[in-house]
Amino acid sequence: MDWFLKPESVTDKLLVMVVAILLFVVVLGAILWLIDRPKVPLWVIVAGFLGPVTIALVVGLFYPAALTAWRSFQVSSVVLGDNGKPIIDRATGQRSTELSFSLDNYKEVFTDPNFQKVLINTAIWVIFVPIVATLFGLVYAVIVDRTRFEKAAKALIFLPMAISMVGASIIWKFVYEYRQAGVPQIGLANQILVWIGLDPYQFLITEPWNTFFLIVVMIWIQAGFAMTLLSAAIKAVPDDIIEAAQLDGATGWKQFTKVTVPTIRPAIVVVLTTIAMATLKAFDIVRTMTGGNFGTSVVANEFYTQSFRQGEEGKGLGAALAVILFIIIIPVIAYNVRQMRLVEETR
């Protein structure tokens with residue numbers, strides 16, 4: 001069974017894929033067959049539908065979540081010999097470590113200056129990206145609404161949503177590319193600076209502004225999402241409300257601020273919270289463009305770095321960061337669900 005549990009070769013992996021597909025077909029076929037049997041107890045049919053889903057949730061979600069929470073309290077420390085030097089494991093050639101249970105991982109996250117910088121960066125992302133992307137999407141939706149080139153204009157701003165985070169990051173990394181003064185620039189941003197008579201600027205390594213230049217990429221991607229949802233919400237505003245406001249003398253800016261925005265408020269909140277959740281999980285942009293260096297790391301990136309790049313000693317810190325991220329995102333999800341229900345009730 002090693003080929004199934006731990007496939008290594010391409011052939012083994014293809015066999016595992018085929019077996020998984022066959023199991024899916026067999027289970028689904030059995031469920032459909034049971035549905036047509038009138039004498040089959042209802043609980044059997046319910047178990048057939050909910051059983052596989054429940055098992056998948058327990059194995060793929062709840063168990064890893066509980067294991068991560070448990071691991072976040074484990075602190076790895078290097079075992080020292082009588083001479084005060086780390087003991088090397090002869091089998092692996094690595095330093096021997098021992099585990100203890102405490103709150104030290106969480107204490108380090110909130111007290112270590114490097115991790116404090118990570119938390120501050122994450123807060124900056126969560127504040128700026130949702131607000132700016134939503135504001136840009138709202139303004140754009142109002143400007144192009146019912147214009148002659150509405151479809152083309154909306155397609156243009158929505159296009160970045162079709163690009164992967166890594167692809168968008170590579171594009172913007174070229175935009176920010178730096179070359180020394182006097183050398184032909186290949187980055188669009190620095191070429192523009194040269195055209196207006198300024199020196200090239202190192203966008204990705206100059207703190208603290210490099211964080212904001214990374215944020216621009218996320219805004220560029222999410223603005224299309226905000227525009228699409230808010231444009232649909234604006235079109236759903238009842239005509240009688242608009243006509244009543246116009247009869248009262250509300251036109252232009254006053255109509256927008258006093259009628260349109262309050263009416264679509266639930267949709268705006270949904271967009272804000274949805275983008276905020278995506279921003280909390282921002283990893284690809286930071287990892288691709290700076291690797292978290294130069295003071296740009298965020299919680300999601302630091303979780304990866306500690307868990308997979310720092311060896312056994314960093315796994316506890318990585319787990320603690322994952323738990324913190326999970327705790328932060330829970331109220332955002334709850335509020336988002338509540339606002340989505342309000343939007344559905346309004347419709």
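**Figure 1. Helix α15 leads the lining of the largest pocket in this predicted model.** Nine lining residues come from α15, the most from any element. The helices α3 (42-71), α14 (299-308) and α15 (312-346) each supply at least two residues of the lining. In total, 23 residues line the pocket. Those nearest its centre are A65, T68, F303, A322 and V323. The lining divides into 18 nonpolar, two polar and three charged residues. The volume of this pocket is about 680 Å³.

**Figure 2. The largest nonpolar core draws on α9.** This core has 45 residues. Twelve of them come from α9, the largest share. W125, Y176, I285 and M289 have the most contacts inside the core. Nonpolar side chains tend to be buried together in soluble globular proteins. Close up, M289 touches S169, W172, K173, Y176, L204, L214 and V217, leaving aside residues up to four places away in sequence. Y176 is thus named twice: as a contact of M289 and among the core residues with the most contacts.

**Figure 3. A second core stands separate from the largest one.** This core has 16 residues. Among them are V118, M277, L317 and V323. V323 also appears in the pocket view, as one of the residues nearest the pocket centre.

**Figure 4. Helices α6 and α9 cross at roughly 145°.** Helix α6 covers residues 150-158 and helix α9 covers residues 209-235. Their axes come within 8 Å. On the α6 side, the contact is made by E150, K154, I157 and F158. On the α9 side, G224, F225, M227, T228, S231 and K235 take part. Together these residues divide into four nonpolar, three polar and three charged.

**Figure 5. K154 is a buried lysine in helix α6.** Its relative accessibility is 15%, which is under the 20% cut-off, so K154 counts as buried. Leaving aside residues up to four places away in sequence, K154 touches Y140, V144, M227, S231 and K235. Of these, M227, S231 and K235 are also named on the α9 side of the helix contact.

**Figure 6. R146 sits in the loop between α5 and α6.** Helix α5 spans residues 113-144. R146 counts as exposed because its relative accessibility is 61%, over the 50% cut-off. R146 and K235 are 89 residues apart in sequence. Their C-alpha atoms are 9.4 Å apart in space. K235 is also a contact of K154.

**Figure 7. G187 is buried in the loop between α7 and α8.** Its relative accessible area is 1%. That value is under 20%, so G187 counts as buried. G187 and E177 are ten residues apart along the chain, and their C-alpha atoms are separated by 4.4 Å. Leaving aside neighbours within four places in sequence, G187 is in contact with F174, V175 and E177.

**Figure 8. Helix α8 has buried residues covered in part by α7.** The helix spans residues 188-195. Its buried residues are A189, N190, Q191 and L193. What covers them includes α7 (165-175). G197 follows α8 and has a positive phi, near 95°.

**Figure 9. The peptide bond from E207 to P208 is cis.** Its omega is near -5°. P208 lies in the loop between α8 and α9. Most peptide bonds are trans.

**Figure 10. F294 has a positive phi.** The value is near 60°, in a residue other than glycine. Most residues other than glycine have a negative phi. F294 is found in the loop between α13 (284-289) and α14. At 40% relative accessibility, F294 lies between the 20% and 50% cut-offs and therefore counts as partly exposed.

**Figure 11. The whole chain sets the close-ups in context.** The protein chain has 15 helices and two strands. Of its 347 residues, 34% count as buried. Among contacts between residues at least 6 apart in sequence, 64% join residues at least 24 apart.

Technical notes:
Residues are numbered from 1 along each chain as its sequence is written. This is a predicted model: local features need pLDDT of at least 70, side-chain atom pairs count only at pLDDT 80 or more; totals for chains, interfaces and linings use all residues. Side-chain values use heavy atoms; hydrogens and water are left out. On a 1 Å grid over the protein atoms alone, a cavity is a set of points where a 1.4 Å probe fits but cannot get out, and a pocket is an open set with protein on both sides within 12 Å along at least five of seven lines; lining residues have an atom within 4 Å of a point. Grid points are joined across faces, edges and corners, and a volume is the space filled by probe spheres set on the points. Helices (H or I, at least four residues) and strands (E, at least two) are DSSP runs, numbered from the N terminus. Ala, Val, Leu, Ile, Met, Phe, Trp, Tyr, Cys and Pro count as nonpolar, Asp, Glu, Lys and Arg as charged, and the others, Gly among them, as polar. Axes are lines fitted to C-alpha atoms, for helices over the stretch in contact, and angles run from 0 to 180 degrees between N-to-C directions. Contact means heavy atoms within 4.5 Å. A nonpolar core is a set of buried Ala, Val, Leu, Ile, Met, Phe, Trp, Tyr and Cys residues joined through side-chain atoms within 4.5 Å. Buried means under 20% relative accessible area, exposed over 50%, partly exposed in between (1.4 Å probe, protein chains only).
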